[in-house]
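Hi,

Here is the structure I promised to pass on. Have a look at it first, and my notes follow underneath.

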Amino acid sequence: MRIYIIKRLAWFPIVLMGVVTIVFFLTHLVPGSAIRILLGPHATEAMLQHATKEYGLDKPLVYQYGIYLWKVLHGDLGRSIITGRTVIADLAIYLPATIELVITSLIIITVVGITLGVVAAVYKNGMLDFLARGVAVGGVSMPQFWLGLMVVLLFFYWLGILPAGGKIDPNIGAPHHITGLYTLDSLLTGNWAAFKSTLLHLILPAITLSLTNLSTTTRMTRSSMLRTLREDYITMARAYGFGGFRVNFIYALKNALIPVASVLGLTTGYLFGGAFLIETVFDWPGIGLYATRSILNVDYAPVVGVALLTSFIYVAINIVTDIIYPLIDPRIKY
Amino acid sequence: MKKVKERLRYVGYVIKRSPLSIIGVFLIILIICIAIFAPLIAPYSPYKIDMSNTLRPPSAKHWLGTDSLGRDVFSRVVYGSRISLKIAFVVVSIAATSGTLLGVISGYYGGMIDMIIMRIVDVFLAIPTFILAMVAAASLGPSITNVMLALSIIWWTWYARIVRGEVLKLKSMYFILAQKSLGAKSFRIILHHLIPNCMGPIIVQTTLQLGFAILTSAGLSFLGLGAQPPAPSWGLMVSDGRQYLPGYWWMATFPGTAIFLLVMGFLLLGDTIRDVLEREVT
Amino acid sequence: MSCLDSGSKTEKLLEVRDLSTYFFTFQGVVKALEGVDLGIDRNEVVGLIGETGCGKSVTGLSIMGLIQPPGRIIGGKVIFKEQNLLDLKEKELQRIRGKGISMIFQKPMSSLNPVFTIGKQFLDVIRLHRKVKVNEARKIAVTSLRKVVLPDPEETLDRYPHELSGGMQQRVMIAMALACGSDLLIADEPTTALDVSVQLQVLKLLRRVMKDAGMSILLISHDMGVIGSSCERVNVMYAGSVVESGSVRAIIDRPLHPYSKGLMEVIPSFSESTKRLQPLKGEVPNLLHPPQGCRFHPRCPFAMSVCKEKVPPRVEIEDRHYVSCFIFHENQYRS
């Protein structure tokens, strides 16, 4: 078991290296990409000269790669033109908000997605199956940015019950900073006003992000459930006289959920990707908003920084999932 | 031939029993027709500016209203279908061909080639797709062509991985070993035996990827990385319409709905085909 | 009330009459069971023998009401303790399952839920049928496990299914059926998946334990050795219906139906003739398109013209020895 963990962990730096390489490759797709990425289209001669020296833009590609790698390994991801701070510093500021959003969505997806999947499997080919799958597919088909706007239209402009954007009511102000996660911080400091406000602001973006990512979880749960329900031990349970609820939701579900765990890692990746558009629409101050704002202002270094960070997190989550997996299934031994 | 007919009959049977797929097929055909017959359907040119008629709500004259430059939203949505479909088909065609080729080579020859290709695929897939697309598009410069290029570079990885998986499964099957022992050349084996047997998952993936490609390209356009004004790209239209919410809601709502319907069409169809194939395997 | 034509009402535990189960698949309708008749008394071990695919397992599942779509029981009666199970609603059936009739399957490994401990599954079953607290249930479980000669019953309860051997798993299944205290156990190929050395042990155990508890067994198998060594009576099944039924002795010594004759002849120890072994001609029919009339007629060396058109009705030849074959309707059909 220990060997397995070590093997998985050893994989981590290799993949990260690969990620950095791919990003480098993408930012140098055509001559001039690198400059555009670093300085934007409005570079002055002085800036150009400085960058050329700093990044070795006049040297061969391999050399540039080396410089780039060196910088990344030392946490130098460049500087943002808009904020003026280093990208690393910016990321540290904006990351907690995205994490808060992603975790909330993950919780919603797990609960709702699995329920829909189970319902779809148990009532296979019936009305509920149709509906559950329809909701899942419908959700993933909606462009996230559009859904966000529609939802704001409905709940803020027309119904007036939920806020349109931002993370918290500016009049209430952020709770004392401990983790950066407003919900957690406000709970820890007993700041109920802040807690309530954050929650209200969190609802719409979290639901939008969740709805558009239900599909994978629902589908996986459904097919896993269907497979499990065909197993002998389920027929056996029925042969003992157990009723539908017990058989489906306790005996079958525990088995069916095992493969679903592996899908959750994948889903988290999609959540991070989706966060970009959602944060933009809802003015949610996370790394997604940071990246898209930078793009709009042709400030590209932050975008690359965010790409690297997100990839790191995604790879880490997948490795953690791989390690947890054998713990859930009592049959697997390493 | 008989097997193909039998399969088609089976597919027809399953599709009939699953109303969701019928909706999917209907939507796809509808929108493709709209794209093809755009000039006949759209009452106005999508580029025609009419400053005396700006920001009009939906009416008999302008079914979906007009935008900030007086252009007819309906016509723009109709022509926008061409952009979305073009991007989707181009990207997925390139991705499917190159990805399948690489996947087959990787799976069949194994060894060093396999390792190298798969590591590259793993790394590509380690970066969330949208972010990858964003960086590539930013790097190339915003335009529809560059969006297609950027997505093509990324998209092949899905195919490579799936096809390789299928090939590995097939490789150990007896009929491949039989062919080899009969002296069939590798090339022939790949072309005549491996690829046709992978068609199932490839078709499923293609249908689904068409949907996702549309979503991703729309997202890029929304952020300003894709189509540039005055192109009637759906994503761009939603972005433009955003600042006019809530009073002039039609500019952002309808293009988004179009994206939703087209993508859902592809996903419903792909889902159904996938179900059919899965049933065949079990 | 139910209509039983022979035997005293009080002794008959289970009476299956004319049971038919079809499976409605994409390729067509699979007529798995077509008019199955069988009966089990209290305290007896009855066998159901037939080749793979003849419908033995489907019969067991149909009796329990466990046939899932696309299958459906389309006709007949299953009278258990004077109640027709086919008339009952699901909730009422659930009350009979486990408590009235219990079942064990061929592969004990797949009959136990892999993610729960043996104890959890066992106790759940006990507490479903009896209103006892957890400790009391545990005691009952341990007692049952002792009865099936399982070493370390306490520890076994805390183990996961995959930690036990096949033979041990099957003993657990028997113990669970025992603990339910049902009147009838349907054992579907209980030893087929076990090692040969363990098979006889488990069979003996099964018979002894059930007899002690006063339970009847319907022992389903394709192996005449299994049936011969454990059962008192046996039903011979072919392509979805019972063609002959009687005491094990009678069937072995004096098989009446051409199929039974053929079966006995391929088993060296049961064949009395010194001729070379004669395997049955032909193949098992495709139940999608079963033969018209008597389903055995294409392979039957004694087939007459009427066999191709009508299904032979069941007649009693000697005491409780029934056969479904036109040969025994002398007056009417002898050509």
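Which residues in H4(C) meet which residues in H7(C)? Before I get to that, please keep in mind that this is a predicted model.

On the H4(C) side they are Ile118(C), Gln121(C), Phe122(C), Val125(C), Ile126(C) and His129(C). Facing them from H7(C) are Val172(C), Ala175(C), Met176(C), Ala179(C) and Cys180(C). Sorted by type, the residues of this contact come out as nine nonpolar, two polar and no charged.

As for how the pair is arranged, H4 covers residues 118-129 of chain C and H7 covers residues 166-180 of chain C. Their axes are 9 Å apart, and the packing angle is about 20 degrees. An angle under 35 degrees counts as roughly parallel, so that is how H4(C) and H7(C) lie to each other. Their crossing is right-handed.

Chain A has a helix pair to look at as well. Helix H6 (residues 127-141) of chain A and helix H10 (residues 214-229) of chain A have axes that come within 8 Å and cross at roughly 150 degrees. From H6(A), the residues involved are Asp129(A), Arg133(A), Ala136(A) and Val140(A); from H10(A), they are Ser215(A), Thr218(A) and Arg222(A). This contact divides into two nonpolar, two polar and three charged residues.

Now for the places where chains meet, starting with A and B. Here 51 residues of chain A touch 49 residues of chain B. Between them, about 4400 Å² is buried, and carbon and sulfur atoms give 78% of that. If you want somewhere to zoom in on the chain A side, try Leu26(A), Phe145(A) and Trp146(A): together they supply 13% of the area that chain A buries against chain B, more than any other three residues. There is one salt bridge across this interface. It joins Asp271(B) to Arg219(A), with the closest N and O atoms 2.3 Å apart.

Then there is the interface of C and A. In this one, 28 residues of chain C are in contact with 20 residues of chain A. The two chains bury about 2200 Å² between them, with 64% of it on carbon and sulfur atoms. Again, one salt bridge turns up across the interface. The partners are Asp124(C) and Arg246(A), and their closest N and O atoms are 3.7 Å apart.

That's what I have so far. Shout if anything is unclear.

Cheers

Key. Residues numbered from 1 in each chain as written. Chains lettered and ligands numbered in written order. Predicted model: local features only at pLDDT ≥ 70, side-chain atom pairs only at ≥ 80, totals over all residues. Heavy atoms only, no water. Axes fitted to C-alpha atoms, helices over the stretch in contact; angles between N-to-C directions. Helix = DSSP H or I, 4+ residues; strand = E, 2+ residues; numbered from the N terminus. Parallel < 35°, antiparallel > 145°, perpendicular 65-115°, else oblique. Left-handed = near helix turned anticlockwise from the far one by under 90°. Contact = heavy atoms within 4.5 Å. Nonpolar A, V, L, I, M, F, W, Y, C, P; charged D, E, K, R; others polar. Buried area = accessible area lost by both parts, 1.4 Å probe. Salt bridge = Lys/Arg side-chain N within 4 Å of Asp/Glu carboxyl O.
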